[in-house]
Every structure is written in structure tokens, then in C-alpha cells.
Amino acid sequence: MNNNEIFASASSWIKEAGERIKESFKTTLNIETKSNANDLVTNIDKETERFFITKIKERYPAHKVLGEEGNGDTLKELSGVVWIIDPIDGTMNFVHQQRNFAISIGIYENGVGKIGLIYDVVHDELYHAIKGEGAFVNNIRLHTLEEATVSQAIIGINATWVTPNRRIDPAVLGALVKDARGTRSYGSAAIEIAQVAAGRLDAYMTLRLSPWDFAGGLVLIEEVGGVASTLKGEPIQLLDENSIFISKPGLHEEILKKYLGNKKW
Ligand code: IPD
Ligand code: CA
Ligand code: CA
Ligand code: CA
């Protein structure tokens, strides 16, 4: 695939989609719930996904699309060129705050991440990476990540995981939260992964994400020398739900060893 040509298309479409989303602030949203009362989806999530699918199928008929709202292809494997799209990551923020949400796109060729784009629409920050060419925010190159330690780290983590929940003993991450310099929770996995790539967060972790939440971000992280795995330190499966642990080097090892590795959970 021609990475630069496809990136040019993707970045112009993502900006156009961002403009449409901002226009929607003037309209009344149609809000529905999905798996539970707090799992929201709006007409704009669906329209934005359809916007990308129409553009992609018109320009690149052989490419496949995997999108959160299900308007794309049903995929069992990642052969060929696949666009993995979250039309709005952070729908709850979109509905409640009209900010702190992003469009996330990861473009993979035979399972290898080639292009990642995360567009923080309201702050007009476009993070992008092209495999082998580095990662950027608004075209300014991001630095390679340096090693960090827990005591100096700001960690992106949602309070859910340090209170009783179905997936992890709250004491495991509670100990980490206590030892870290600070924690943050932005409510958009894509933005949080992009913040790690930009060095604004030292790590981000969560117990369950879907491919469209992390596909774009993984390309960014690889280009800045970050480490990405599940919370058990295993490789992330691109087409499955995974726990996700993204971090600066050094810090990733320290957290796995001291907090995650020696506990049964
Ligand atoms: C959600 C956001 C949120 C994360 C959830 C995701 P959505 O995506 O990324 O930060 O904690 O797990 O589902 O539904 O707003 O696209
Ligand atoms: Ca959703
Ligand atoms: Ca999402
Ligand atoms: Ca979404």
C-alpha cells in the first residue's frame, strides 16, 4: 500500500468528519443506549462511521473496514488492508461535555499497523503516525519515550479498576495508584493512548477495550518506542477485546513485576 497517499486521504477525511461533528453541536442529538444505561451511542457516531465507510469504499474498493457501530465489514482475520475505526471515542464526553472525544483510525496491512490517526476534534489536535516515519501531533514530531519510574509517573486509569469490579482485585491497582505520582482519567481511550505517545501521560491501563479503541493508538506507540501489552504482559490480539497496558519503557517492566505479575487475578 502507498502509506503517504492513504494517509493524505485519511487525514483530509478525519478533518472533514471533525467539522461535521462540530456542526452537530447546534442540533439535538438522538441518544440511545447499547449494552447498559451508561453505554451511549448517538446518531452522530453512526453518521460519522457511515461517512468514512462511503469515502473508503469509493476511493479504495478493495480495503475492508471494521467500525464500532457495525456498518463496515465483519472480519475474522486481518488479511489485506483494513481500516479499524472508532467514529467517536468518548461518546459519553461528546454527549455530556462536547469535548474530550476523538476520532480514531488504525490502518493495517496483513495485520501490521501502517498508519494511525487520532483526532481530538474540539482541541483540533491531530496525532498521526506512519510506520517507520515517526509520530506527530499537528505535524510536530513526537520524541522517543524515555524510561520512567512509578514514583515519578502520571498514570491514566479509571477509578472503576480500584473499586470493586468484575475483572480485577481493586487492591492490585490500588497499590499502584498509591505509589504513583498521580493519576488521570480522560474518558477516551484513544486520547489517553495518544497522551502516552506524546509523553503527557507515562502509562495508560484499562481492563477491557475493543479493537477500534486501540488500533490507531498502537501505531503511534510503536513509533515513539512505547510498550504495549495486555495487563498480564501478553501480546494484544487485534481483533479481540483485550485488557490494555501502554507505557514508557522501564515503567512497563516495573509495573508488571511489582504490581501485576506477582498477584493472582
Ligand atoms: C469508550 C472510551 C472509554 C473507555 C471505554 C470505551 P466509546 O469508547 O474509550 O474511555 O473506558 O471502554 O468503550 O464507547 O466512547 O467509543
Ligand atoms: Ca461505544
Ligand atoms: Ca471507543
Ligand atoms: Ca465509539
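**Reading the pockets and a calcium site**

Modeller: In the lining of the largest pocket, β12 gives the most, with 5 residues, and I should say at once that this is a predicted model.

Biologist: Which elements each supply at least two residues of that lining, and which residues lie nearest the centre of the pocket?

Modeller: β2 (40-42), β4, α3 (91-97), α5 (189-197), β12 (203-209) and α6 (211-223) each do so, while Asn38, Asp39, Met92, Arg208 and Leu209, out of 38 lining residues, lie nearest the centre. The space in the largest pocket is about 1,200 Å³, and its lining divides into 11 nonpolar, 14 polar and 13 charged residues.

Biologist: Where does the largest pocket lie with respect to domain 1 and domain 2?

Modeller: Because domain 1 (3-141) and domain 2 (150-260) both give residues to its lining, the largest pocket lies between them.

Biologist: What are the protein donors of the calcium ion (ligand 4)?

Modeller: A metal site is read from its donor atoms, which for calcium are N, O and S atoms within 3.2 Å. Here the protein donors of ligand 4 are Glu68 (OE), Asp86 (OD) and Ile88 (O), at 2.1 to 2.3 Å. Glu68 lies in the loop between β3 (64-67) and β4 (81-89), and Ile88, 20 residues apart from it, in strand β4. Glutamate 68 also coordinates the calcium ion (ligand 2), which is 3.8 Å from ligand 4.

Biologist: Is isoleucine 88 buried or exposed, and what does glutamate 68 count as?

Modeller: Buried means under 20% relative accessible area, so isoleucine 88, at 1%, counts as buried, whereas glutamate 68, at 24%, counts as partly exposed.

Notes. Residues numbered from 1 in each chain as written. Chains lettered and ligands numbered in written order. Predicted model: local features only at pLDDT ≥ 70, side-chain atom pairs only at ≥ 80, totals over all residues. Heavy atoms only, no water. Donors = N, O, S within 2.8 Å, 3.2 Å for Na, K, Ca; no water. Helix = DSSP H or I, 4+ residues; strand = E, 2+ residues; numbered from the N terminus. Buried < 20%, exposed > 50% of the residue type's maximum accessible area, 1.4 Å probe, protein only. 1 Å grid on protein atoms, 1.4 Å probe; cavity = no way out; pocket = protein on both sides within 12 Å on 5 of 7 lines; lining within 4 Å. Points joined across faces, edges and corners; volume = space filled by probe spheres on them. Nonpolar A, V, L, I, M, F, W, Y, C, P; charged D, E, K, R; others polar. Domains from an automatic or database assignment.
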